[in-house]
Every structure is written in C-alpha cells, then in structure tokens.
Amino acid sequence: MTYSNYPSSGVQEKPTSNGKDNRMLIYGLLIVALLGTWAYFFYDQSKSKQVTQKLQAQLLQTDSSRNNLETEYNSALQRLDELTSMNSSLDSLVKSRNTEISGLKARISALLKKQNKTAAEIAEAKRLIDELNGKISEYLNEIETLRGENLQLKTEKEEIIVQKAVLQREHDSTKVLKQQAEEKLDVASTLNASDINVVTIDERKNGKEVEKTVAKRVDKIRVSFNVFNRVGEQSTKDVFVVVMDPAGNIISNEALGSGRFVTREEGEKMFTQKSNVNFTSGQVVPVTVEWKPGTRFVEGNYKIAIYNNGFKIGESSKSLKKGGLFS
C-alpha cells in the first residue's frame, strides 16, 4: 500500500464529535469561572458594604457615647457652678476642693477632646465623670449640712441677741433702780444738825474767854451743834460752816482754812470753816467750829449756815451791836 502526503481530491472528511465536545467543555469552564468571579465580586462588595455599615454603626455609637459623655460632663460642671454661686459664704467649701476638682476636670476634658477614642478611654471618661458627680453630691450634702448648721447658729444668735436685749433692759432697769436707791440712800445719809448755838467771844490775854455782843470786843465766833443720822455706815463726813457778815458777804480766808464746796441747789460756793466729823449711825455727835479772823468784827447781824452732803442742814444768826464809850 502506497501513502501520499497530499490530500485526495475527494470530498473532505467531517470533524469528529470528540473535538466538539472538548470545545464545549472549555466554554463551560470559562463561563463557570466568569460566574465565580462575578459571584466573588458581588460577595466581596456585599462583605465590604457590611463592614462599612458596621464601621459606620460603630462610629455613630462612638459619637453618641462621646456626646453623652460631653452632656454628662457639662451637666456636672453646671451643677458645680450652681453650687459655687448658691451662696458666697459656702463658696469656700467648694474652693477648698479646687485642686481635686481641677484634676478631674482636666483629665475628663483631655479624654473628651481626643478625636479617635478607644473603648478604654471612653470607659475611663465615664468613670471620671461618675467620680466627679459623686464628689459634687458629697459637696452638696456638706453644703446642706453647713446650711442647716448656719441656720441653727443664726437662730441661736438671734435668740442670744433677744436674750441680750432683755438682759440689757433688765440691767439698765436694775441700774436705774440701783442708782435711784443709791441716790435715796445718799440723800437719806445726810446729817441732821440740831441745838445750834452761836457764841461771840472776847478772848483775854490771860486766855480767859468772855462772851460779848459788842462788835469791837469780839475776837472770834464759836458755832456748836449736834449731828445725827440713823442711815449709813461709820465714816468721816465733812461739815461746812458758812458765816456771812452784815453786808451779805461770806467771810473767808484760805490761809485760815476757808475754801470752796459744791451744794445741790446753789452750785459751788465758799465756806468759812469746815470740820471732819467721825460719824456713827444712830449716835449724836457734837461738833464745834471756831472762826478767829484776827481782825475786829463790825456791828450788825451775822448769818450762819451749816452744810453737809451738799444740803443745808441748819442755820442760825448772831447780832453784834455797836458799843458805847465804856463798853
């Protein structure tokens, strides 16, 4: 048998069915691969969308948490401001915690200002805000306690003021009554003078004394009287004797013991002579006062007044006449 490399001139032979099947298989595989690619693409897109939605939800949740934290923080600050402004006298209580509060506020503010906060930072901010609110509640309780104490102190102070006013009125009333009693006692303790006797005396060179009524013969005046009182304790009392000449002038000489004293009704006036009387309540005490001016007396009526404790307690008079040729 002879073989030739050239085709025969007859009809061309048809392809076998096996080749067609291979092509169909390749086409099928390509379509499956394409569908798989599209399926993966759609799956990946769906997965990406889910991740995006999840991230967006987390972001919204984070923003919401941040907003809630800022709201809580601002609310806490507002409460703090209200506590500070409620009463200036209580402001010192809040200021005393200033360092502690400032530290909390600084830490909270720093956490809230961060753009990308972690869950731990959000939890820390939440904890710090709760702690701040707790501190503020403690301060509020302390302030209410102080307010109650201040109110009680104010009430007690008002009661003390009222009691003090009552006691002051009672004291003033007692003081007035005491003063009135002392004034009455003072007036009541004034001595009474009795048995007043005025003698004008001629004092001789031999020491003998002779009572005279002729002016030119008189050397001195002697005033004697008794004092008595049932009120007062034993003490020394001043008795003043005022002698007025016939012209109405008070006879006085400071070198001889004269001076000034104060009366209740006539004010200050001169006295001629005084005596310090050792007084004992309920006892009669005799008193004698002498006035010897060293000059001659003139004729006329001499008035004698006796004073004690500013009051006139007795008076008398003595007339001296003009003597004759042989008097």
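## A salt bridge within helix α4

Glu124 and Arg127 sit 3 residues apart in helix α4 (residues 119–188), so about one helical turn separates them. Helices here are DSSP runs of H or I with at least four residues, strands are runs of E with at least two, and both are numbered from the N terminus. The two side chains form a salt bridge, with the closest N and O atoms 2.8 Å apart. A salt bridge here is a side-chain nitrogen of Lys or Arg within 4 Å of a carboxyl oxygen of Asp or Glu. Glu124 is partly exposed, at 25% relative accessible area. Arg127 is partly exposed too, at 41%. For these classes, buried means under 20% relative accessible area, exposed means over 50%, and partly exposed lies in between (1.4 Å probe, protein chains only).

This is a predicted model: local features need pLDDT of at least 70, side-chain atom pairs count only at pLDDT 80 or more, and totals for chains, interfaces and linings use all residues. Residues are numbered from 1 along each chain as its sequence is written, and side-chain values use heavy atoms, with hydrogens and water left out.

## Other salt bridges

A search of the whole structure finds 18 salt bridges. Side chains of opposite charge can pair when their charged atoms come close. One of the bridges joins Lys318 to Glu211, with the closest N and O atoms 3.7 Å apart. This pair links distant parts of the chain: Lys318 is in strand β10, Glu211 is in strand β2, and these positions lie 107 residues apart in numbering. Lys318 is buried, with a relative accessible area of 15%. Glu211 is partly exposed at 49%.

Glu315 and Lys312 also meet through their side chains, at 3.5 Å from N to O. Glu315 counts as exposed at 55% relative accessibility. Lys312 counts as partly exposed at 44%. Salt bridges also build a network, which links Glu203, Glu209, Lys220, Arg222, Glu290 and Lys292.

## The four-stranded sheet

Which strands make up the open sheet of 4 strands, and in what order? The order is β2-β1-β3-β8, and the pairing is antiparallel. Two strands pair if DSSP finds at least two bridges between them. The edge strands are β2 (209–211) and β8, and each pairs on one side only. Neighbouring strands of this sheet are turned against each other by 35 degrees on average, direction ignored. Axes for such angles are lines fitted to C-alpha atoms, for helices over the stretch in contact; angles run from 0 to 180 degrees between N-to-C directions.

Strand β1 (residues 192–203) runs antiparallel to β3, and 8 bridges join them. Ile201 stands opposite Lys220 of β3. Strand β3 (residues 220–228) is also antiparallel to β8, through 7 bridges. There, Val227 has Val285 in β8 as its bridge partner.

## Two faces of strand β8

In a regular strand the side chains alternate between the two faces of the sheet. Strand β8 (residues 285–291) shows this alternation. Val285, Val287, Val289 and Trp291 point to one face and are buried. Pro286, Thr288 and Glu290 point to the other face and are not buried.

## Aromatic pairs

The structure holds 5 aromatic pairs. Rings of Phe, Tyr and Trp (its six-membered ring) pair if their centres lie within 6.5 Å; planes under 30 degrees apart count as stacked, over 60 as edge-to-face, and the rest as tilted. Phe261 and Phe271 have ring centres 6.1 Å apart and planes at 65 degrees, so this pair is edge-to-face. Phe261 lies in strand β5 (residues 259–263) and Phe271 in strand β6 (residues 267–271), so the pair ties together parts 10 residues apart in sequence.

Are Phe261 and Phe271 buried or exposed? Both Phe261 and Phe271 are buried. Ring pairs also link Phe240, Phe261, Phe271 and Tyr307 into a cluster.

## Positive phi angles

Asp195 is not a glycine, yet has a positive phi of about 55 degrees. Asp195 is found in strand β1. Its side is open: Asp195 counts as exposed at 59% relative accessibility.

Asn309 is another non-glycine residue with a positive phi, of about 60 degrees. Asn309 is placed in the loop between β9 (300–308) and β10 (311–320). At 26% relative accessibility, Asn309 counts as partly exposed.
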